[in-house]
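Notebook open, coffee ready. Today I'm looking at how the parts of this structure touch one another.

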Amino acid sequence: MEAATWTVKKNMTRKERAVRFFRNAVRNRWLYAMSLPFVAWVFVFHYLPLWGWTMAFQRYRPGRPFFEQEWVGLEHFRALFQDELFYQVLRNTLAMSVMGLVAGFVVPIFFALMLNEIRLMFYKRFVQTVSYLPHFVSWVVVAGIVTKMLSTDGGPVNELLVGLGILDEPYPFMAKGKLFWIIVTLADVWKETGWNAIIYLAAISGIGPELYEAARVDGANRIQQMWHITLPGIRTTIIVLLIMSIGHLISIGFEKQFLLGNNLVREYSQVLDLYALNYGLGMGRFSFGTAINIFNSVVSVILLFTANGIFKRVTRESIM
Amino acid sequence: MGNRLLRSSTVSDRLFDAFVYAYAAFVLVITLYPFLHVAAISLNDSIDTVRGGITIYPRKFTLKNYEMIFSYQHLGTGFRNSALRTLIGTVLGVISSSMLAYTLSRKDFQGRRFVSVFLALTMYVSGGLIPFFLLIRELNLINTFAVYILPGIVSAFNVFVVRSFIDGLPYALQESAKIDGANDFTIYWRIILPLTKPALATIALFVAVGHWNSWFDTYLFNSQAEHLTTLQYELMKVLQSTQSSVDYRARNMNEVMAHISPESVKMAITMVVTLPILFVYPFLQRYFVKGMTLGAVKS
């Protein structure tokens, strides 16, 4: 009912509107009191850093007032695009993003479809509960576990492969740059598959049982039911999640790469954020590092808008 | 699901069943084996471990590894700080998310649209690591406990999870309370909070796990302050110590490692870090499954 009084009529004068606004503000005082402090909070910790982007166009020196900084235009971006290391880092970032996107997209759908076919309820529930476990464990622990499993010094994977006669001697998985992308992707799949499958399982449970009954009457076997009913039934969910993950494609973070990487695989493990950390923050080149951050953010936003645009065209709905 | 109770009879269905069960068993093994392996090594005699061949049970059972790591003082400090930040961070996170979500669910709130967009934008745009680092430095939060808590108090994602839950409640509840003369805060406190418990349990779990698992803020902001170390950071230092074998070696940890092998130390600390989560998450499962589904649909 109060919502009705808040509708602004077209024929009101400016003064009437102002009066109405303040009257409503007083009426909303508790709601303001409960939200504005947090809005201020968000402003400080999420919006103020954006102001720091100006640094990328300065030769920033800490401790100097803003107006006494020396402006250098696009110099840092030029330096960035001329740095050979940048292209290596960009390659690593894109490679691991795309691999992560594909694997992190296909495997949870497959897992959800399989889980849905298990008819022993306690077994299904047990597998599902276990599959969530790695999601809750930190990357520090996962990196430790992965390193341990793949170690040449009594690591179970090497012991298994040598035991089966596939390898003659333990293979140094963690020291091979070429394998790094695969190891990161598999570690991610191991950690997040169960968690990411939750949404698909929820979507599957929303499919009407009468569809399956009809299919059975028509003589469809289980695989056909899965292919023609379950999979199309979760199509919308799949599309939404795919587009959302395209938007986040380049912001893959750096935790995995930081924790799983080592000096031997550096050429393949360094990603944009790590590059900014090592060559910007680590060397005190704040402006250069910020330029890397900006590049990263701008690419993300472009990807997000592109993905959302495609999505809008496909489904006439917006995810943003 | 009742529709699946009909017994399958064709050969292809039976083969399919076999494949499904085998796949599920495979998932179980590759998920559980590493944890059991780590647990086994942490409970096995350190010298015996070096001989190799430990699988998922200790060959020579001992608690000595755990005794050794608990004598290491930084671990105790780290445990205290991790527990403290988890507790404080979770309480504040739940308060902020529920309050913001409640105001956003009120259709008569003027600032609704602005606050909603203001929050949503933070999910897509971030200033990046270096401007954030300099901000923290400007605010004099380097080498303080507050740096663990303050930056993460409001999370847009969590707000939207709770908000979509509140939107699912009948709006008439709020309206009738209003007619009875309750003010907006009373409605939040007496009606919204009790009814949103499942959603709040979900985000409490998200926030708590996030705090318990984070190490990078310690690394970036508080690595000079030994009394502010966290459990994950200590584990990170120990794990990295032989991976790159050059730097990162924690000074005092050397003493511990002189008595028992680094392998056993690492695995025992990994267990200490992981066990609290292992005990908590299965009990909250039904909440977070619901919360995940809600959050995904809305955001």
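**Between the chains**

I started with polar contacts (a pair of N or O atoms within 3.5 Å; within protein, one must be able to donate a hydrogen and the other to accept it, and residues adjacent in sequence count only if both atoms are side-chain atoms). Between chain B and chain A I got 25 residue pairs of this kind, both at pLDDT 80 or more. On the chain B side, α1(B) gives the most, with 21 residues; helices here are DSSP runs (H or I, at least four residues), numbered from the N terminus. That side of chain B has 67 nonpolar, 24 polar and ten charged residues.

Note to self: this is a predicted model, where local features need pLDDT of at least 70, side-chain atom pairs count only at pLDDT 80 or more, and totals for chains, interfaces and linings use all residues. Residues are numbered from 1 along each chain as its sequence is written, chains are lettered from A in the order in which they are written, and side-chain values use heavy atoms, without hydrogens and water.

Next I looked up salt bridges (a side-chain nitrogen of Lys or Arg within 4 Å of a carboxyl oxygen of Asp or Glu). There are three between chain B and chain A. I found A:Arg119 and B:Asp17 paired this way, at 2.6 Å, N to O.

**Inside chain B**

The domain assignment splits chain B into domain 1 (2-62) and domain 2 (67-298). How many salt bridges cross the interface of these two domains? The rule finds zero. Residue pairs in polar contact between them also come to zero, both at pLDDT 80 or more.

Note on methods
Domain bounds come from an automatic or database domain assignment. Helices (H or I, at least four residues) and strands (E, at least two) are DSSP runs, numbered from the N terminus. Ala, Val, Leu, Ile, Met, Phe, Trp, Tyr, Cys and Pro count as nonpolar, Asp, Glu, Lys and Arg as charged, and the others, Gly among them, as polar.
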